[in-house]
Amino acid sequence: MRAAPVALLLLAAACSAPRQTPVHLTATLVSPTDITLRWEGREPDAAGHVLEFATEPQGPYTILGFLPPEQSTYTHPDLIPRTPFYYRLRPYYGQASAPVDVALGAGPHAKPEPGWSAPRTIPGGPKGARPVRSEGAAPSDLRAIVTQADGVAFRWTDRTSDEEGFLLEDRPSGRPDFRVVAALDPDVNAFGLVTLPEESRASYRVRAFRYGQPSNVAHQTTGGS
Amino acid sequence: MRLVTTGALAIGLLVPALPAAADPVESGPWTSYEPTFTVQERGCGDVNDLTFKLSCSTGSGDQRAERRYATYSSGTRQFEGYFKITSLEGTRISLKQTFKTTGPFFMLAVERGGRLYSVHGGDTIATGATIGTTVRVNTVHVVGSTHRTYINGSLKHTVSSENGSFYDKFGAYRTGSGKGPATVEWSGIQFWRK
């Protein structure tokens with residue numbers, strides 16, 4: 001009898017098979033050149049979603065935005081007429097560092113090192129070894145130095161080994177939520193931001209992240225002249 | 001949408017595999033073509049394939065790292081490309097130009113470390129850009145009629161166009177009020193005409 005081994009194999013195959021995509025995305029043409037995306041379902045521990053578009057089903061896909069986990073609709077406006085649009089949504093995971101508050105001023109400011117704004121890896125720090133979705137994997141020791149009237153240099157400690165990148169997030173004074181302002185490569189631990197006027201006072205944090213399974217691809221073709 | 005391919009794409013079958021060619025946008029039929037170009041490096045500008053770098057913060061003089069494509073003077077032309085600003089300490093760096101041989105016509109520039117996009121004359125057409133992400137640009141130029149610019153699929157700028165001779169440029173170029181340093185990576189460059 002081989003029934004038991006076969007059953008075990010089937011069970012193992014079921015466990016290793018990709019799980020069903022939990023988020024279902026729909027696209028609606030709300031005017032000849034405006035498409036509204038809506039999605040249902042939510043990964044409970046996702047930090048947010050990245051919404052992407054392409055004009056061919058196989059891509060290349062371009063990021064429209066990093067969206068907070070509670071958001072479930074997005075309108076892509078004023079689109080290229082008579083063109084197919086394809087969309088997909090990907091959750092991303094990871095823990096954010098403790099925030100730091102930054103108030104810009106007239107100075108004087110410390111003279112920044114050359115290339116202060118470039119994303120880079122400053123050697124000598126501890127090599128991160130934790131998986132992104134594990135306890136204690138958030139970047140630590142986030143430091144912010146005002147380099148000019150509209151510039152802030154950041155450094156942090158990378159504690160993860162498998163990140164697909166880092167997200168710098170900010171919350172200008174008076175705004176309720178953080179938003180992604182920069183997407184950085186894996187292993188980066190320093191970056192400088194040139195600020196917008198609304199960021200004269202803001203909180204910042206950094207997040208190591210990994211993408212999850214993409215949603216279904218939703219499609220519409222625009223009309224118009 | 002109908003695409004007419006030219007011999008240049010057939011020749012492409014003989015060269016190493018490249019990313020799949022994208023279809024043009026808007027109504028066709030479009031014909032894919034590959035205009036010739038020259039590389040322009042001036043001042044502290046440096047071009048390495050599709051990476052364009054201004055290494056200085058000089059706020060004067062000609063600081064340029066660009067590709068200048070062949071001149072056209074009739075029909076409708078479409079440009080598609082993807083740029084990623086990997087570093088920008090300064091501001092007001094031109095990324096893409098549709099240049100009239102008699103003077104500037106259209107210029108897409110980036111400000112504030114890559115967070116704002118503006119056009120010739122200083123009008124802001126997009127704000128709050130996420131640094132480090134790739135941005136898609138499509139321009140459709142109907143010579144003698146109009147020039148449209150789409151950023152990430154959305155129409156962001158329209159300007160009327162006179163007749164004349166024009167050419168495409170892209171890369172990194174210090175505008176009159178701008179300064180580097182800046183590093184910009186372009187990819188997925190394609191041209192069509194009808």
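In the predicted model, buried residues account for 54% of the 194 residues of chain B. The secondary structure of chain B comprises one helix and 16 strands. Among the contacts in chain B with a separation of 6 or more, 67% are made by residues 24 or more positions apart.

Chain B also contains the one disulfide found in a search of the whole structure over all chains. This disulfide is formed by Cys44(B) and Cys56(B), whose sulfur atoms lie 2.1 Å apart. The link is left-handed, with -60° about the S-S bond. Cys44(B) is located in the loop between β3 (37–42) and β4 (45–48) of chain B, and Cys56(B) in the loop between β5 (51–54) and β6 (64–69) of chain B, so that the disulfide ties together parts 12 residues apart in sequence. Cys44(B) has a relative accessibility of 14% and therefore counts as buried. Cys56(B) is likewise buried, at a relative accessible area of 17%.

A salt bridge in chain B joins Lys96(B) to Asp168(B), with 2.8 Å between the closest N and O atoms. Because Lys96(B) belongs to strand β8 (residues 91–100) of chain B and Asp168(B) to strand β15 (residues 166–179) of chain B, the pair ties together parts that are 72 residues apart in sequence. Lys96(B) is buried, its relative accessibility being 0%. Its partner Asp168(B) is also buried, with a relative accessible area of 5%.

Over all chains, the structure holds 24 salt bridges. In chain A, the side chains of Glu52(A) and Arg88(A) form one with an N to O distance of 2.7 Å. This pair links distant parts of the chain, with Glu52(A) in strand β3 (residues 48–54) of chain A and Arg88(A) in strand β6 (residues 84–93) of chain A, 36 residues apart. The two partners fall into separate accessibility classes: Glu52(A) is buried at 3% relative accessibility, whereas Arg88(A) is partly exposed, with a relative accessible area of 23%.

A further salt bridge of chain A connects the side chains of Glu198(A) and Arg175(A) at 3.1 Å, N to O. Here both partners occupy loops: Glu198(A) lies between β12 (190–194) and β13 (201–211) of chain A, and Arg175(A) between β10 (165–172) and β11 (179–184) of chain A, so the pair ties together parts that are 23 residues apart in sequence. Glu198(A) is partly exposed at 37% relative accessibility, and Arg175(A) is partly exposed with a relative accessible area of 40%. Both residues belong to a network of salt bridges with shared partners, which joins Asp170(A), Arg175(A), Arg179(A), Glu198(A), Glu199(A) and Arg115(B).

Chain A also contains an open sheet of three strands in the order β1-β2-β5, with antiparallel pairing. Its edge strands, each of which pairs on one side only, are β1 (24–31) and β5 (73–76) of chain A. On average, neighbouring strands of this sheet are turned by 20° against each other, direction ignored. The antiparallel pairing of strand β2 (residues 34–40) of chain A with β5(A) extends over four bridges. Arg38(A) has Thr73(A) as its bridge partner in β5(A). In general, strands of a sheet pair through backbone hydrogen bonds, in either a parallel or an antiparallel arrangement.

The interface between the two chains was examined next. The contact involves 40 residues from chain A and 32 residues from chain B. Together, chain B and chain A bury about 2600 Å², of which 53% is on carbon and sulfur atoms. On the chain B side, Glu89(B), Arg112(B) and Arg115(B) supply 25% of the area buried against chain A, more than any other three residues. Two salt bridges are found across the interface of chain B and chain A. Arg112(B) takes part in a salt bridge with Asp150(A), their side chains meeting at 3.6 Å, N to O. Arg115(B), for its part, is a member of the salt-bridge network that also includes Asp170(A) and Arg179(A).

Technical notes
Residues are numbered from 1 along each chain as its sequence is written. Chains are lettered from A and ligands numbered from 1 in the order in which they are written. This is a predicted model: local features need pLDDT of at least 70, side-chain atom pairs count only at pLDDT 80 or more; totals for chains, interfaces and linings use all residues. Side-chain values use heavy atoms; hydrogens and water are left out. A salt bridge is a side-chain nitrogen of Lys or Arg within 4 Å of a carboxyl oxygen of Asp or Glu. Helices (H or I, at least four residues) and strands (E, at least two) are DSSP runs, numbered from the N terminus. Buried means under 20% relative accessible area, exposed over 50%, partly exposed in between (1.4 Å probe, protein chains only). A disulfide is a pair of cysteine sulfur atoms within 2.5 Å. Two strands pair if DSSP finds at least two bridges between them. Axes are lines fitted to C-alpha atoms, for helices over the stretch in contact, and angles run from 0 to 180 degrees between N-to-C directions. Contact means heavy atoms within 4.5 Å. Buried area is the accessible area (1.4 Å probe) that two parts lose on being put together, summed over both.
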